[in-house]
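Morning, everyone. I have one structure to walk through, and I'll keep it quick. Have a look at it first.

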Amino acid sequence: MTHAPARLAPLPPADRREPGELFGSGFTLFADMLLVGLVTTLACLPVVTAPAAFAAASMTLRDGASGRAPVSAAGYLRRLRAGLTVGSLAAGLLPPLLVAVVLIDAALVRSALPGAAVVAPALALTVLAAAVVALRATALDAPHRLSLRESLARSLGDPRGSALLAAAVVLAALLAWSVPLLVPLLPGPLAFAAAAVEIRSAAGTATAA
């Protein structure tokens with residue numbers, strides 16, 4: 001008696017490949033993330049363009065991961081041009097000011113003043129919290145795009161998401177310290193982490209509603 005050949009179960013969407021594609025969609029997304037990271041680093045060189053650059057990176061990776069639009073340098077630059085407004089350029093002045101304050105505080109901590117043992121960890125936590133709020137602001141959709149007030153509210157209202165993003169920031173800092181050659185690529189993973197946290201937060205809000 002002959003047996004009908006068993007049918008193979010279809011591959012899950014994450015494992016499907018286009019004809020001629022050697023790697024799955026996960027590797028493609030990883031490569032896109034590195035490409036966006038490099039382009040974002042170049043776009044951040046004028047400093048004041050950093051908020052718009054990270055916002056364009058988050059939007060590009062978010063659309064690419066959801067399949068709404070392919071990830072490309074042209075698409076990134078189009079979103080970057082749209083995000084370069086007076087407000088975003090003004091927000092770009094905040095990171096240099098924060099860096100200046102941190103450097104001054106760090107110099108005071110190294111001067112062995114009384115209370116340095118308390119100031120040092122407090123300074124590190126302040127910088128980490130500022131980085132989380134700033135990254136969440138770059139991942140916000142209209143009409144709250146680059147809104148620090150909305151980002152602060154969501155950071156406090158979603159402590160788990162903020163903790164995940166803080167872990168991503170710490171990991172990026174460790175990678176930058178241990179492998180400096182990776183620094184130009186790190187904006188991509190950070191922007192993707194911010195977009196993922198925002199998607200997770202929006203999904204949780206929709207489920208609760």
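Let me start with a single residue. Ser 162 is found in helix 8. Is Ser 162 buried or exposed? Ser 162 is buried, because its relative accessible area is 11% and the cut-off for buried is under 20%. Who are its contacts? Leaving out residues up to four places away in sequence, Ser 162 touches Val 132, Arg 136 and Ser 155.

Now, a word on trust. This is a predicted model. Mean pLDDT for the protein is 81. The share of residues that reach 70 or more is 81%. Which helix has the highest confidence, and which the lowest? Helix 8 is highest, at a mean of 93. Helix 5 is lowest, at 79. Then there is the start of the chain. Over residues 1-24, pLDDT stays under 50. For that stretch the model has 8 contacts beyond four places in sequence.

Next, the overall fold. The protein has 9 helices and 0 strands. Along the sequence, the pattern reads α-α-α-α-α-α-α-α-α. There are 209 residues in the protein, and 29% of them are buried. Take the contacts between residues at least 6 apart in sequence: 62% of those join residues at least 24 apart. The exposed surface comes to about 12900 Å². Carbon and sulfur atoms supply 74% of that surface.

On to the pockets. How much volume does the largest pocket have? The figure is about 1200 Å³. Its lining counts 31 residues. Nearest the centre of the largest pocket lie Phe 54, Pro 95, Ala 131, Ala 134 and Leu 135. Five helices give two or more residues to that lining: helix 2 (50-66), helix 5 (94-110), helix 6 (116-138), helix 8 (159-178) and helix 9 (187-208). Helix 6 provides the largest share of the lining, 7 residues. What is the chemical make-up of this lining by class? The largest pocket has 29 nonpolar residues in its lining, 2 polar and no charged.

The second largest pocket holds about 170 Å³ of space. Residues that line the second largest pocket include Ala 52, Met 59, Arg 79, Thr 85, Ser 88 and Arg 145. Helix 2, helix 3 (73-83) and helix 4 (86-91) each give two or more residues to that lining. The largest share, 4 residues, comes from helix 2. By class, the lining of the second largest pocket has 6 nonpolar, 4 polar and 2 charged residues.

Leu 146 also lines the second largest pocket, and its backbone deserves a look. Leu 146 has a positive phi of about 60 degrees, although it is not a glycine. Where does Leu 146 lie? Leu 146 is in the loop between helix 6 and helix 7 (148-157). With a relative accessible area of 22%, Leu 146 is partly exposed.

Val 47 is another non-glycine with a positive phi, here about 75 degrees. Val 47 sits in the loop between helix 1 (25-43) and helix 2. Why does Val 47 count as partly exposed? Its relative accessible area is 38%, and the partly exposed class runs between 20% and 50%.

To recap the pockets: the largest has a lining with no charged residues, whereas the lining of the second largest has 2. That's my tour. Over to you.

Notes: Residues numbered from 1 in each chain as written. Predicted model: local features only at pLDDT ≥ 70, side-chain atom pairs only at ≥ 80, totals over all residues. Heavy atoms only, no water. 1 Å grid on protein atoms, 1.4 Å probe; cavity = no way out; pocket = protein on both sides within 12 Å on 5 of 7 lines; lining within 4 Å. Points joined across faces, edges and corners; volume = space filled by probe spheres on them. Nonpolar A, V, L, I, M, F, W, Y, C, P; charged D, E, K, R; others polar. Buried < 20%, exposed > 50% of the residue type's maximum accessible area, 1.4 Å probe, protein only. Contact = heavy atoms within 4.5 Å. Areas by Shrake-Rupley, 256 points an atom, 1.4 Å probe, with all protein chains shown as cover. pLDDT = per-residue confidence, 0-100.
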